[in-house]
Each structure stands twice: as structure tokens, then as C-alpha cells.
Amino acid sequence: MKKIFSLILLCLSATLPAASAAPEVVDEMSMTLEENIAYPRIAAKKAAHVRKAMTELRRKLADRKFRATLDRDGEVVCVTIPAADLFRANSREVSPEGRRVLESLTRYVSHREQFKVLVAVHSDDTGDEQYSDELTSDRANAIDDYFNSAAGREVNLIPYGIGRDEPVGGNATVKSRAANRRVEIFFVPTIAYIKHLTK
């Protein structure tokens, strides 16, 4: 009987988590853009609160004349800016005009407790592919540097240089190539903000 009881205790201890087990640590910096847009997932009972807050954020950004759309079923906001509004041709530095554009976003980007911000910089398919990859990566880092400086502290931002891999259309015309050269800024609610909204 004692052996059976010991065996039951052994089986139970194998299935139960250790009392001191630490919560799962997620390295968002190593995630792809798509993985970061999808994380964190939001429970169905909390989704309505989050969608309401993100819809209000989209409205505020649209009022500031940004092209802002809802993504991930209304849980994420994406701001799309033509690359030419932020950078001069082939430049890796944010232009003076571009700094004025980004200045209007700084107050939202600097809310690191509320939003994880993902910056994805895209190019068209003209020129060398490696050059496009390096250019968009450098531009994404330049935007990160701008926001850190403007906010006066490190913001919760992850930069991505996408290169030519995700065009919104073809590259056959001047207009279509210009559309492909774009910056997407995603505002993803943090776990802390989700908890705050659903208290």
C-alpha cells in the first residue's frame, strides 16, 4: 500500500509545475515582424476592451493626418508613411521634414508601458537586393534612434529592414514603386496595457 501511495505521489509530481517555476520569458527582439505583430495574444473576454482602445488610437492618429489602419482584428494599429516623407533618395538619415513627421508620433511611441512599437521599412525592387536590405535596415535603425532621442529615453521599439520582400503592388510604374517604398509603424498593446484596460 505504501508503495502504491508513493507511486501516485511520483506521478502527480511529474504532471504538476514546480512551485518555483518562473514565467515564460519571451525574447521579442528575436521574433520576426509577423510573430511580433501576433504577440501577445489577447483572450476573447478581453478583446473588446483592447479593440475599443486601439480604435480610439487609430482615430487620434487619423486626426493628425496619418494613414492609420486597424490590423489583427482591430487589436493593432498600423501607420503607413511614404518613405519619401521621411528620407531623401538613398539617404539613411531621417530628413528635417521627416523629423517633423515623426515628431507627431513621439507622444504615442514613448508610451512604452502601453505599446510595443514595430517599425518596418520597405523598398521597391530597383537596384541591388543587398543594397535594398541594408538601406531599409539602416533607415529602420535611424527611426529608432530618432524616437529614443525625442522621447528622452529608450522606447519600446523593434526595427525591421524588410527590403523589397513585401511589395504592396507591382514595381512596373513610378507610382507603384513609390507605394512600395514605405514605412509601417505598428502599435501593439503590451501585456501591462491589456491588463490595465481589462481591470
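Okay, let's start in strand 4, where the bridge partner of Val 119 is Pro 159. Before I go on: this is a predicted model. Right, so Val 119 belongs to strand 3, and strands 3 and 4 run parallel, with 6 bridges joining them. To get from strand 3 to strand 4 the chain goes through helix 5, residues 129-151, and that β-α-β crossover is right-handed.

Strand 3 also pairs with strand 5, residues 182-189, this time antiparallel and with 7 bridges. If you want a spot to click on there, Val 121 sits opposite Val 183.

Now, how much of strand 3 is buried? The strand covers residues 115-122, and 8 of its 8 residues are buried. Phe 115, Val 117, Val 119 and Val 121 point one way, while Lys 116, Leu 118, Ala 120 and His 122 point the other. So yes, there's a lysine in that list, and Lys 116 counts as buried because its relative accessibility is 2%.

What does Lys 116 meet in a salt bridge? Its partner is Glu 28, at 3.7 Å from N to O. Glu 28 is in the loop between helix 1 and helix 2, and the two residues are 88 apart along the chain. Glu 28 counts as partly exposed, because its relative accessibility is 22%.

Back to Phe 115, at the start of strand 3. There are 3 aromatic pairs in the structure. One of them is Phe 115 with Phe 187, edge-to-face, 5.7 Å centre to centre and 85° between the planes. Phe 187 is in strand 5, so this pair ties together parts that are 72 residues apart in sequence. Phe 115 comes out at 3% relative accessible area, and Phe 187 at 0%, so both are buried. Phe 115 has another edge-to-face pair, with Tyr 193: 5.5 Å between centres, 75° between planes. Tyr 193 is in helix 7, so here the parts being tied together are 78 residues apart. Tyr 193 is buried too, and Phe 115, Phe 187 and Tyr 193 make one aromatic cluster.

Next, helix 3, residues 44-63. It has 20 residues and spans 29 Å from first C-alpha to last, close to the 28 Å you'd expect at 1.5 Å a residue. Its buried residues are Ala 47, Val 50, Ala 53, Met 54, Leu 57 and Leu 61. What do they pack against? Strands 1, 2, 3 and 5, plus helix 4 and helix 7. So our strand 3 turns up again in that list. Just after the helix comes Lys 65, which has a positive phi, near 75°.

Last stop, the salt bridges, and the count is 11. One of them is Arg 51 with Glu 75, where the closest N and O atoms are 3.7 Å apart. Arg 51 lies in helix 3 and Glu 75 in the loop between strand 1 and strand 2, so the pair ties together parts 24 residues apart in sequence. Arg 51 is partly exposed because it has 30% relative accessibility, whereas Glu 75, at 4%, counts as buried. Glu 75 also meets Arg 72 in a salt bridge, at 2.9 Å from N to O, and Arg 72 is buried as well. Put Asp 73 in and you have the network: Arg 51, Arg 72, Asp 73 and Glu 75, linked by salt bridges.

That's my tour, thanks.

Key
Residues numbered from 1 in each chain as written. Predicted model: local features only at pLDDT ≥ 70, side-chain atom pairs only at ≥ 80, totals over all residues. Heavy atoms only, no water. Buried < 20%, exposed > 50% of the residue type's maximum accessible area, 1.4 Å probe, protein only. Helix = DSSP H or I, 4+ residues; strand = E, 2+ residues; numbered from the N terminus. Pairing = 2+ DSSP bridges. Right-handed = clockwise from strand over helix to strand, strands pointing away. Expected span 1.5 Å × (residues − 1). Contact = heavy atoms within 4.5 Å. Salt bridge = Lys/Arg side-chain N within 4 Å of Asp/Glu carboxyl O. Phe/Tyr/Trp six-rings, centres within 6.5 Å; stacked < 30°, edge-to-face > 60°.
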